[in-house]
Structure formats: C-alpha cells, structure tokens
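Dear colleague,

Please find below the structure for your consideration. A summary of what was found in it follows directly after.

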Amino acid sequence: MKYYSTNRQAPMATLHEAVVKGLASDKGLYMPEAIKSLPKDFFDEIENLSFQEIAYRVADAFFGEDVPADILKHIVYDTLSFDVPAVRVTDNIYSLELFHGPTLAFKDVGARFMARLLGYFIRQEGKEQVNVLVATSGDTGSAVANGFLGVEGIHVYVLYPKGKVSDIQEKQFTTLGQNITAIEVDGVFDDCQALVKNAFMDKDLNAHMKLTSANSINVARFLPQAFYYFYAYAQMKKEGKADELVICVPSGNFGNITAGLFGKHMGLPVKRFIAANNRNDIFYNYLQTGTYAPKASVATIANAMDVGDPSNFARIIELYHNSHADIKADISGTTYTDEQIRETVSHTYAHTGYLLDPHGACGYRALAEGLQPGEVGVFLETAHPAKFLDTVEGIIHDKVEIPAKLQEFMKGTKQNVPMSKQFADFKEYLLRQ
Ligand SMILES: *Cc1c(COP(=O)(O)O)cnc(C)c1O
C-alpha cells in the first residue's frame with residue numbers, strides 16, 4: 001500500500017517510509033491510498049470473534065501488503081495483551097473502557113503497535129539509531145515511552161508542557177530512564193508540538209540524526225486505533241444493541257475519532273459519530289460554520305484534549321473530500337466547560353455508580369443529551385479516572401482506588417531536561433546528543 005500526503009506536494013511513500021518519517025516532507029499527513037472494505041461475512045460473524053482476531057482482520061486490510069502475515073499477527077496479538085470491554089452504564093449508554101493497558105489510556109494501543117512495527121522495520125534496515133520525538137498533553141508521552149521502553153535502536157524524547165500534566169501522568173514518562181528522555185518545555189502543548197514539527201523540517205538536525213514522530217499523526221499509531229471500534233460493535237451486537245449505534249469520542253487532536261471514521265469507511269455499521277470537546281471548541285465551531293479557525297488552546301480539567309489546532313483535521317477533510325455537508329452527516333459535535341464536566345462526573349457517579357474520568361465525562365454527557373429514541377451509544381472511556389486523581393477526588397469527595405500499575409509508577413524518581421519554547425534552544429540541545 002502506498003501513502004500520500006494530504007498536502008500533495010511530497011512523493012508517495014511506502015508504509016516503511018511513512019512510519020519512519022511520521023510527517024510528510026510537505027508537512028502533510030500520510031493517508032493510505034485505498035481504504036479496503038471488509039466483507040459482509042466478517043460483520044455477520046464478528047460477535048463470535050476475539051478482540052485479537054477482529055483486530056488482525058482490520059490490520060491485514062491496512063498493512064497486509066507490506067508486513068508478512070505471521071509478523072503482523074504477532075504484532076497485533078502482542079499489542080493487544082489487554083481487554084477493551086464495553087461496560088453498561090445505563091440501558092442505552094455503554095463505556096468502551098480503553099484504560100486496561102500498561103499506562104491506563106487508549107494511547108497504549110497505537111503506541112504499542114507502532115513500537116513493534118517500527119522495531120520490525122529497524123531490524124530489517126540494519127543498525128542506525130532512530131530517534132522518536134513526541135509532544136504530549138499528558139497521555140501520549142506515557143503510552144509512547146512505555147511502548148518503546150527498552151526497544152533496541154530507538155531513543156525517545158518526550159516533550160511536555162511544564163505544570164500542565166498531572167503528577168501521575170508526569171511520573172509515567174519521567175521515571176523510566178534507559179532509552180527515554182523527558183523534556184519539560186516552558187510553554188503549552190501547542191509549543192511542544194511546534195518544536196517537534198520544526199525539528200522534522202530542520203535540515204541540520206535531519207543530517208545529524210534520524211528523526212521520527214510517534215504522535216497521532218504517525219500512521220502506525222493512528223490506524224490501529226480503528227481496531228477497537230470494530231470490537232465495540234461486536235460486543236454491542238452480542239447484546240442485540242448494535243442496530244442504531246452511535247459512537248462518541250472525547251477528542252483533542254482527533255486521531256482517535258478519525259480512526260473510527262476510517263472504520264466506517266471500511267463498512268463498520270456505525271450510524272453516526274459525536275466528537276465531544278472540552279472548551280477547546282475548534283472542531284465544534286467548524287461543524288457550525290464550515291470555517292476551520294485554529295486558535296490557542298485553553299487549559300481545562302480534561303487536559304489531554306487541550307488542543308487548539310487538531311492535527312488530524314486534515315485527514316477528516318481528506319476522507320470527506322472537503323465536503324462540510326458530508327462531514328456533518330456523519331459527525332456532530334459538543335463542547336463542555338469544566339463546570340459541566342465536573343457536574344457530569346459527580347451526577348453520573350451518584351446516579352449510576354460509574355466513575356468517569358474528565359475526558360470520558362464529555363463523551364458520556366454528549367450521549368446522555370444527544371441520543372435519539374432507538375439509538376444506543378458507546379462512548380470511549382479514554383483513560384482511567386485515577387490518572388486525574390486530584391480532579392476526580394475533588395469532584396466526588398470520595399477516595400479513588402489507584403490501580404496497582406499506577407502505584408508502581410508513583411514510586412519512581414522524576415528526571416527531566418528543562419527547555420524553553422524557542423526552537424533554537426531545542427535544536428542546540430539535540431545537536432549535542
Ligand atoms: C489523547 C487523549 C484524548 C484525545 O484523543 P485524540 O486522538 O487526540 O483526539 C482524549 N482523552 C484522553 C484521556 C487522551 O489521553
């Protein structure tokens with residue numbers, strides 16, 4: 001399969017090139033040149049298949065031409081070493097719990113897949129070290145750092161905004177050591193993302209070291225996120241609740257929801273999608289007006305969605321041939337203030353016993369407000385509530401049980417490299433590595 005750039009100025013790339021480069025040389029995002037439909041018999045029997053079996057069928061449609069079947073199967077099965085259950089919250093609202101992986105957020109899926117695929121390509125290539133640069137608003141850094149920890153031939157630099165991620169999030173990528181370096185940037189997430197993007201465009205740096213990205217722009221992180229939409233459908237079908245399925249995705253950089261939209265284009269019978277935003281309402285405004293107007297992000301309690309210029313918007317535009325009407329037909333939007341998020345966590349906990357994290361709360365609320373009669377909704381519970389301990393405990397006035405996996409991280413010692421938001425400083429640092 002060949003990959004083209006959304007800006008159409010860069011040459012087509014192989015999967016290997018697209019994964020190693022991350023971003024195309026014209027700053028566009030890579031798109032597969034074809035999106036294969038999956039056959040009817042797959043959907044007819046999907047409820048009888050395991051998560052790994054379903055995921056392998058989806059992975060084969062994307063990567064089967066480029067990765068030998070046994071290797072791809074191994075990568076998929078190894079990546080998905082944990083379940084993604086659809087848990088009933090109310091009769092017509094289910095939570096797709098994506099937080100049962102090593103860092104308790106959905107990004108484990110894409111990060112683990114990408115680490116394994118990149119590792120395979122590097123082994124094929126020979127020895128040269130690859131450096132992964134990743135900007136994080138919180139959960140990407142931990143998922144990528146843990147996904148790549150100890151992988152030979154790869155060094156990871158995690159850039160995160162100073163003071164803008166929770167203690168637990170920070171511990172998950174600043175305590176690892178080995179091939180992981182955490183860089184604390186004196187700025188916001190968008191500054192971190194800009195540093196990474198500039199590094200990829202810089203001639204001196206690219207001559208000095210081999211750089212790649214593990215942000216959601218990378219096809220190897222982005223496409224595997226489609227796996228669990230199919231599995232969500234399978235679980236709901238088993239319950240007899242998949243006829244009018246609405247999937248709601250708490251969205252920031254829009255990688256997660258775009259993978260779901262790819263699933264729909266492969267034939268997954270989802271009636272419609274909802275993109276739930278916090279106060280960073282750029283996509284919401286686009287749906288209302290047809291104009292995409294990026295702006296500086298604002299800090300919220302759903303911090304992994306604090307994005308002012310969502311990267312994957314370019315892929316959505318591409319997927320729908322720039323038709324605002326077609327986009328609106330498949331996706332609606334919501335936007336919530338911190339106060340509304342708090343109210344939703346508190347109210348849902350009191351009335352159903354289900355504890356939401358601040359991101360999942362946006363998803364739940366959008367379904368609670370927006371489902372039509374006959375529809376059943378699944379929202380993506382993108383992280384475990386304990387990752388946002390102070391916020392969540394402050395809302396419910398109760399203790400949140402911290403999973404053992406998280407407690408392990410808390411014991412480590414934080415180590416980081418302080419950095420300004422000036423590209424010149426970051427460049428000078430990398431040139432010294
Ligand atoms: C990254 C993240 C999001 C946003 O996902 P995108 O793919 O960037 O839209 C939502 N919730 C949590 C917990 C996240 O970590």
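About 2000 Å² is buried between domain 1 and domain 2, and carbon and sulfur atoms contribute 50% of that area. Please bear in mind that the model is predicted. On the side of domain 1 that touches domain 2, the residues comprise 13 nonpolar, nine polar and four charged.

The interface of domain 1 and domain 2 also holds polar contacts: twelve residue pairs meet the rule, with both residues at pLDDT 80 or more. Salt bridges, by contrast, number zero between domain 1 and domain 2.

As to where these domains lie in the sequence, the domain assignment gives domain 1 as 83-104 + 222-400. Domain 2 is given there as 108-220 + 412-431. In the contact, 26 residues come from domain 1 and 25 residues from domain 2. The centres of the two domains, taken over C-alpha atoms, are 26 Å apart.

I turn now to the ligand. Which residues come nearest to the ligand? Among the 15 residues around the ligand, they are Lys107, Asp139, Gly252, Asn253 and Phe254.

Three polar approaches to the ligand may be of interest at the bench:

- Lys107 places a polar side-chain atom 2.4 Å from an oxygen atom of the ligand.
- Phe254 has a polar backbone atom that is 2.8 Å from an oxygen atom of the ligand.
- Thr382 has an N or O atom in its side chain at 2.8 Å from a nitrogen atom of the ligand.

How much of the ligand does the protein bury? The ligand exposes 380 Å² when taken alone, and the protein buries 97% of that.

In short, the predicted model shows a domain interface with twelve residue pairs in polar contact and zero salt bridges, together with a ligand that has 15 residues around it.

Yours sincerely

How values were computed. Residues numbered from 1 in each chain as written. Predicted model: local features only at pLDDT ≥ 70, side-chain atom pairs only at ≥ 80, totals over all residues. Heavy atoms only, no water. Domains from an automatic or database assignment. Contact = heavy atoms within 4.5 Å. Buried area = accessible area lost by both parts, 1.4 Å probe. Salt bridge = Lys/Arg side-chain N within 4 Å of Asp/Glu carboxyl O. Polar contact = N/O pair within 3.5 Å; in protein donor to acceptor, adjacent residues only side chain to side chain. Nonpolar A, V, L, I, M, F, W, Y, C, P; charged D, E, K, R; others polar. Near = heavy atom within 4 Å. Areas by Shrake-Rupley, 256 points an atom, 1.4 Å probe, with all protein chains shown as cover.
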